[in-house]
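I opened this notebook to record what I looked up in one structure. The entries follow the order of my reading.

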Amino acid sequence: MAPPGPECRLVPHVPDHLSSSQAVAQQAFLRGLSRGECYQAEAPTLWDVTFRTAVAQAELEDRERPGAYHRIAFEPAADMEEKTGSYASVYIETTRPELLPACVALVAHPDDERYQHLFGTHVRTPLFGVEVPVVAHHLASPDKGSGIAMICTFGDVTDVTWWRELRLPTRPVLGWDGRLLAEAPEGITSPEGVAAYGELAGLTVFSAQQRVVEMLREAGVLDGEPKPTQHPVKFFEKGDKPLEIVTTRQWYIRNGGTDRALNDALVARGSELDFEPDFMRVRYENWVRGLTGDWLISRQRFFGVPIPVWYPVLADGSPDYDHPIVPSEDALPVDPSVDVAPGFDASQRDVPGGFTGEKDIMDTWATSSLTPQIVCGWRDNPGLFAATFPMDLRPQGQDIIRTWLFSSVVRSHQEHGTLPWKHAAISGWILDPDRKKMSKSKGNVVTPMGLLETHGSDAVRYWAAAARLGTDAAFDEGQMKIGRRLAMKVLNASKFVLGATGIATVAAESLEEGLRATAHVTTSAPVTEPLDRAMLAALADVVDTATAALSAYDHTRALEVAETLFWTFCDDYLELVKTRAYDGAAPGEAIDPFAPCSPGAASARATLTLALHTFLRLFAPVLPFATEEVWSWFQEGSVHRASWPDSARVRAVAGEDTPGAPLLAAAGEALSVLRKVKSEAKVSQRTEIASIDLLVPEAKVAWVRAAEADLRAAGRVSAMQIVDASLALEPGVDGLAPEDGSNDEIADPTVMRTENARLAE
RNA sequence: GGGCCCUUAGCUCAGUUGGUUAGAGCACUGCGUUUACACCGCAGGUGUCGUCGGUUCGAGUCCGGCAGGGCCCA
C-alpha cells in the first residue's frame, strides 16, 4: 500500500542553474539505480503523521516524553500449559497498549532464567485472542519491567529489528494518517477479536490507547494501575508528534546501514578525510558504525527534485513497481508527473497498459549530497570537472556531519570511488550570550540583520572569525565592537598613510595617477631607516605566520597575528615616523608624492605604503568592506581578487638580516616610557621634554639608538641621553641625581626606564 | 550505557614539540583632546591555570582519578 501522493503537482518555474542541479541529482539517482545502489522496498518506514511523509534516520531526534507502563496479562496457549503444567498468565509491561492488536510475539533475553522454559511456546493476546510465540533476543532487557516485552508491528525501531531478525509476521494497525486502520490485521479472526478491533478502528493513537485500557480493565487483564514514566521517544526533528512506523513502498540508497562491507568502506573513506579539527572524525565514525538501515530518500512532499521514473500500469490499473521506466540521461531533468514516459504518449497516463509517474520526490540531502558534482560541472562541464574534482575543502557545521558530510561521501564513493574533497573544516555552534544553544522554542535566537545594522558587516564577520574551528562561539556583541574599532582603525590609518605619502593628493584626481604615485613612492627610493626596515621585516614574518596558519585551517591565528602587528603599526610605528614622513609639510598642506623629499621621508613613505598594501590584503578575508573601500582609494580592481601578500617581496625591501620585531618592540617600549613620563606627570602628550635620560637594557641599546631621531620627534624631546642600563646600576651614575626620587634604588637593568626627565613649562 | 570536547584574570578567550616572571581584548581606574582616528589615545592594577595524585631537574602543557559544563551516539 503506497500512501497517496498529491493529485496534481505544482511545478514552479525553475531557473537554469537549478534545473542543472536537478539534472545532476536525477542523473546520480539513475546511475545508482543501474548499479543497484538505489532501490525500492516495501518496508517499515519512520513516518511523521503530521507531515505525512517518510523520514530518514539522520532526521531523527530523541525527546523525553511522559508515558506509563501498563502491566497486561497474556493467557498461555495450549502448548505452554502442557509444557509448564500451569495456567498462570504471562505479564508484560508496555507503554503502548494500543498496539496490542499488532502484537506478533513476546520477547525475553535468551539468558533470562525466568522465561527460558517458555521460549518456543505460545500465549494468547488479550482482547484479540491471537496466538503469538515467546521468543528470545539479546536486545530484550531483563531489568526493564517484567523482563519480557511484546513485539508489535511496529511500535519502535527495536520492534523493526526483532521483526526482521526473528522473521516474524507483519500485523500492521497504523495508517499513514496516524489512525488505526479500518480493517483488523491478519491474524485477528475470532468474532470477539474482530469486534474488539472494531472499537479501535479509525481512532487516533491517543484515543485508541484510552479505549484499549478501558477494555483491558473491563476484561480484568490490566494488572494494577498504569505506572507513569519518562522515556525517550523518536521524533522527526521538525515535527511535534512522535514518529510512527508504517509499512510503505519507499526508495533507498545503500549507505552501509545493511551491508558490512560497504560500512567498512565508508569508515575507511572517513579515515582518508582530513577533519579539522581531527576529533570531529569520531562523530563521523560513530554515525556510520551506528547505522541500522539504508538511506531512505523518497519523500511524500510537493516541492523537491522528482524521482525520475515511471511505472507501467497493469491491466488491473495498478502500477508495476518492479519494472520502473527510466529516462535517458540527456533528457534530464524530468518531472514524471508532467513529462511522458519514453515510448508512451500523454493519453496513456494512468490507464491500464499505459504508464504512471512516480509521485515522490527526493530527500533534500539527496541533492545536497551532490554539491561537489554540481559545482564542479560533473554533468555538463567535463573539463572543469577534471580540473576541480575532488575538491579541496568542505566547510560546514558539526551538526550536519551525519547528513551533509556523510551523504556527500556516500555519493562520491559510489559514483567516483573517491572522497568528494580532501579536507573538512567543521565549525561549532553559535551559542547565545549565556552559552545556551539557540532555538526557536527557547526564544533566544538572535538573527543577524539587527547586528549588521548596529555594528556593521565587518564587525559581525570579525566576531565570527574569532571562533576557532570545532569550538562553539558564544554570541558576543563586545567582540563586534572590537571588530568595528579595527575596521575604523583600518580606514583612519589608511587615510593617514595615503595623506602622508601624498598618494591621496593625486589619487583624488584619478586612479591612474594614484597607481603611478603608489609605484613611485614604493620604488623610487630605498628603504634605508632601521625602524622602517624593522617594520617591514616584522610584517614579512607576520605574513609567513598568517599564511602558515591559514594553510593549517587556523584562520583565527592568522587574524590574531595580523591584528597584533597592525595595532603596533598604528600605535607606535605611525607615531614614530609621522614627523619624518611629513618632511616638513605644514598641517593641512597637500604633499606631492612625486616631489623630491629627504631620504628619511622617502624611506618612511615607501614603508607606509608597502605596509598598508600588505595589511589590507591580510585583513581582506575578515574585514571585506573596510579593506575594499580603502583599496578603491588608490588601487584598481578588488582587494578580494588581489594576490595574497608575498613575504619574500616585503623581506627583500626590508633587507637581509634586518632586526624586525625586536627593534620595533624596543622602539615602541622607548616611546612608551617617554609617554609614561607625561602620563604620570598628568600633562598632555604634546608637552615638550626639555631633557631626559633613557636607561635601556644592554641588548636593546643599539635598537633604540637606531630609532633615536624618530623617538625624539614623537616624544617631543629636545635633549635625550640613551644610557646602557647595565652601566647605570647606581642612581646618579651618569652624574645627575634623580630629581623625583622614584628611581632612588637599584633598578632592574632589564627594564627600560627614564631618569632626570625635565618637562618644558 | 559508550564516546568526544571544555574548565586559565570580573567577562570572552590565547597559550604551538613540557623550559625564564602565564598573555590579549573587554570591563575597571586615572590622565590626555595631538598634522589619520572621540566609533580616539596614553598609563595602571588584576590569576591557588577546576580538584586530587603521578611522571619529570622542571607541568597551564604529558598520564590517571574525581567534580562541574556542553555535545554526539545508543
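The entries below concern the domains, the RNA strand and one sheet.

**Entry 1: Domains**

I noted at the outset that this is a predicted model. I then looked up how chain A is divided, and the assignment gives domain 1 (17-40 + 257-424), domain 2 (53-245), domain 3 (474-658) and domain 4 (682-759). Domain 1 is thus written as two stretches of the chain. I also looked up the separation of domain 1 and domain 4: their centres, taken over C-alpha atoms, are 74 Å apart.

**Entry 2: Surroundings of the RNA**

How many residues surround RNA strand B? I found 37, and the closest are Arg402, Arg485, Tyr582, Ser672 and Arg686. Of the atoms of RNA strand B that come within 4 Å of the protein, 67% belong to sugar and phosphate. I sorted the surface near RNA strand B by class and recorded 18 charged, 12 nonpolar and 7 polar residues.

**Entry 3: Individual contacts with the RNA**

I next looked up single atom pairs. The side chain of serine 672 places an N or O atom 2.2 Å from a phosphate oxygen of RNA strand B. For lysine 578, the distance from a side-chain N or O atom to a phosphate oxygen of the strand is 3.3 Å. Asparagine 492 has a polar side-chain atom 3.2 Å from a sugar or linking oxygen of RNA strand B. I then asked which elements give two or more residues to the surface near this strand. They are helix H7 (281-289), helix H14 (477-500), helix H18 (555-582) and helix H22 (661-680).

**Entry 4: A sheet of three strands**

I turned to an open sheet of 3 strands, whose order is S22-S21-S23 and whose pairing is mixed. Why does one side of strand S22 (717-724) and of strand S23 (753-759) lack a neighbour in the sheet? Both stand at the edges and each has a single partner strand, so one side of each is left without a neighbour there. On average, neighbouring strands of this sheet are turned by 10 degrees against each other, direction ignored.

I followed one pairing further. Strand S21 (residues 689-696) pairs with S22 in the parallel sense over 7 bridges. Within this pair, valine 696 stands opposite aspartate 724 in S22.

**Entry 5: Helices on the sheet**

Helix H22, already listed at the RNA surface, also packs on the sheet and touches S21, S22 and S23. I recorded that the direction of H22 makes about 45 degrees with that of S23. Helix H24 (residues 708-715) lies across S21 and S22, and runs at about 135 degrees to S22.

Notes
Residues are numbered from 1 along each chain as its sequence is written. Chains are lettered from A and ligands numbered from 1 in the order in which they are written. This is a predicted model: local features need pLDDT of at least 70, side-chain atom pairs count only at pLDDT 80 or more; totals for chains, interfaces and linings use all residues. Side-chain values use heavy atoms; hydrogens and water are left out. Domain bounds come from an automatic or database domain assignment. A residue is near a molecule or strand if one of its heavy atoms lies within 4 Å of it. A polar contact is a pair of N or O atoms within 3.5 Å; within protein, one must be able to donate a hydrogen and the other to accept it, and residues adjacent in sequence count only if both atoms are side-chain atoms. Helices (H or I, at least four residues) and strands (E, at least two) are DSSP runs, numbered from the N terminus. Ala, Val, Leu, Ile, Met, Phe, Trp, Tyr, Cys and Pro count as nonpolar, Asp, Glu, Lys and Arg as charged, and the others, Gly among them, as polar. Two strands pair if DSSP finds at least two bridges between them. Axes are lines fitted to C-alpha atoms, for helices over the stretch in contact, and angles run from 0 to 180 degrees between N-to-C directions. Contact means heavy atoms within 4.5 Å.
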